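Good morning, everyone, and thank you for making the time. I would like to walk you slowly through one structure, so please have the picture open as we go.

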Amino acid sequence: MAENIESRILTPDPVGTIEGMRDTGYEFNTALADIVDNSVDADATEINITIEMDQGGVFISVADNGYGMDEDTLIRGMQYGGKGADNPKRLGKFGLGLKTASTAFCRKLKVITKDGKESRLLKATWDLDHVASVGEWELLLGGTSKFEKNTLEETASGSSGTLVIWDEIDRVLKDYDDPTGSYARKSLKNKVDKFRHHAAMTFQRFLDPEDKRAPNIRMTLNGEDIIHWDPFCLKEMGGENGTELVAEKELTIIQDSQKMSASLKAYVLPIRSDFSSVQAEENAKISTETQGIYIYRENRLIYNGGWMNMFVREPHLSLCRIEFSFDHRLDNALRVDIKKSQILLEEELYDHLKKKFLPAPRKAANERYRLKRKKEV
């Protein structure tokens, strides 16, 4: 006779959990892009990002003119695992990115929002030190400052919008003797430059006014427009030695007895001397690091460059770039991770890419690189 089974509800320890979630492995660029995802999901047409040094150290904020939130949606969005608005196409997929991405680098996350021109301004704050002091999952509400109100109004004047602020930042820069001195400022400038390119690449389809696959968004970083970066150099297409589309295919993937599709396109870029201008060649960023597969989920880049452990990077394949696009319906089949920074391919799809689709484009890129001429595919 089986023994009686008892059950007991164990609520996660607030302090240990919220501190432990700081170490989920976020890189700075990936984390900040996760915050921008929320603005894109809110149908924002303008997103203004600030990364700068002030008297207290580093200050980071993301403001948008999206549809904003009412109180219930705000609280649900600040809940760990809460997803805010229910939309399967959301770039923010798991309901963790806003919180874990932010607290990976700061100890205080502030969200200020309004869902209409005349709506009351709402504010919610996760303060890790407050959670530690009370030993509870206690979210702070209210207390909007004049600075926060004015900062949101600069982007969302006369409309709805949301402002996310990283406060008490302790992990963006290493410890400097003078946290606001010249060495710290130089290090921060380097991070700003790298994030500018990361955003230009990640949100390329949203930033390019000529790309009709995604709604157009104006995005600024420290007051300067972020200009999209096209890894496939499509403006160089045409002519004898321009960018060439050497292969394309619509993949059919079956999941739960439903047929879904993904798009594959393979491009071979011009050799350096065949670009239309010196600037265009520099913008192409041809190197061993930028060759390979670029994966887009709902028009947002989630994997850039490299061969997903199929092949090693080689200099003579620097002209080969592959575009792989899919929508949210394939999330489970492709096992998109929490940070939306990689996917895991099923064995059949992995083998198809490696053995059937990729060999011909790689051969074409190899021949153009070595012999300075096109290879018929």
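**A walk through the predicted model**

Let me begin with a residue rather than an overview: F59 has a relative accessibility of 13%, and because the cut-off for buried is under 20%, we count F59 as buried. Please keep in mind throughout that what you are looking at is a predicted model.

How many aromatic pairs does a search of the whole structure find? The search finds 14 of them, and one is formed by F59 with F147, an edge-to-face arrangement with 5.8 Å from centre to centre and 75° between the planes. In general, a pair of aromatic rings is described by exactly those two quantities, the distance of the centres and the angle of the planes. This particular pair links distant parts of the chain, since F59 belongs to strand β2, residues 57-64, while F147 belongs to helix α6, residues 146-156, and the two are 88 residues apart. F147, at 48% relative accessibility, counts as partly exposed, whereas its partner F59, as I said, counts as buried.

A second pair worth finding on your screen is F324 with F326, which is tilted, with 6.1 Å between the centres and 50° between the planes. Here both residues, F324 and F326, are buried.

Ring pairs also build up a group: W229, F232, Y267, Y294 and Y296 are linked by them into a cluster. If you stay with Y296 for a moment, you will see that the charged end of R205 sits over the ring of Y296, 3.9 Å from its centre. There is a similar arrangement to look for at F311, where the charged end of R362 sits over the ring, 3.7 Å from its centre.

Let me turn now to the helices, and to how they pack. Helix α2, residues 28-41, packs with helix α7, residues 182-202, at an angle of about 55°, and their axes are 10 Å apart. At that angle the two helices, α2 and α7, are therefore oblique to each other, and α2 passes α7 in a right-handed crossing. On the α2 side the contact is made by F28, N29, T30, L32 and A33, and on the α7 side by K191, K194, F195 and H198.

Which residues of α11 meet α12? They are L353, K354, K355, K356 and F357, and they meet P359, A360 and P361 of α12. Helix α11 covers residues 347-357 and helix α12 covers residues 359-371, and they pack at an angle of about 45°, with their axes 5 Å apart. These two, α11 and α12, are therefore oblique to each other as well.

Next, a word about the backbone, and about two asparagines. Most residues other than glycine have a negative phi. N222, however, has a positive phi of about 50° although it is not a glycine, and you will find N222 in the loop between β7, residues 218-221, and β8, residues 224-225. N299 likewise has a positive phi, near 75°, and is also a residue other than glycine; its place is the loop between β11, residues 292-297, and β12, residues 300-304. Is each of these buried or partly exposed? N222 is partly exposed, with a relative accessible area of 34%, while N299 is buried, with a relative accessible area of 18%.

Finally, I would like to set separation along the chain beside separation in space, using C-alpha atoms. D178, which lies in the loop between β6, residues 161-169, and α7, is 32 residues from K146 in sequence and 29 Å from K146 in space. D178 is partly exposed, with a relative accessible area of 43%. V40, which is found in helix α2 and is buried at a relative accessible area of 10%, is 88 residues from L128 in sequence and 27 Å from L128 in space.

My last stop is L251, in strand β9, residues 244-255. L251 and R335 are 84 residues apart along the chain, and their C-alpha atoms are separated by 17 Å. L251 is buried, with a relative accessible area of 6%. Leaving aside residues up to four places away in sequence, what does L251 touch? It touches M260, S261, A262, L264, L349 and H352.

That is where I will stop, and I am glad to take questions.

Definitions and conventions:
Residues numbered from 1 in each chain as written. Predicted model: local features only at pLDDT ≥ 70, side-chain atom pairs only at ≥ 80, totals over all residues. Heavy atoms only, no water. Phe/Tyr/Trp six-rings, centres within 6.5 Å; stacked < 30°, edge-to-face > 60°. Helix = DSSP H or I, 4+ residues; strand = E, 2+ residues; numbered from the N terminus. Buried < 20%, exposed > 50% of the residue type's maximum accessible area, 1.4 Å probe, protein only. Lys NZ or Arg CZ within 6 Å of the ring centre and 35° of its normal. Axes fitted to C-alpha atoms, helices over the stretch in contact; angles between N-to-C directions. Parallel < 35°, antiparallel > 145°, perpendicular 65-115°, else oblique. Left-handed = near helix turned anticlockwise from the far one by under 90°. Contact = heavy atoms within 4.5 Å.
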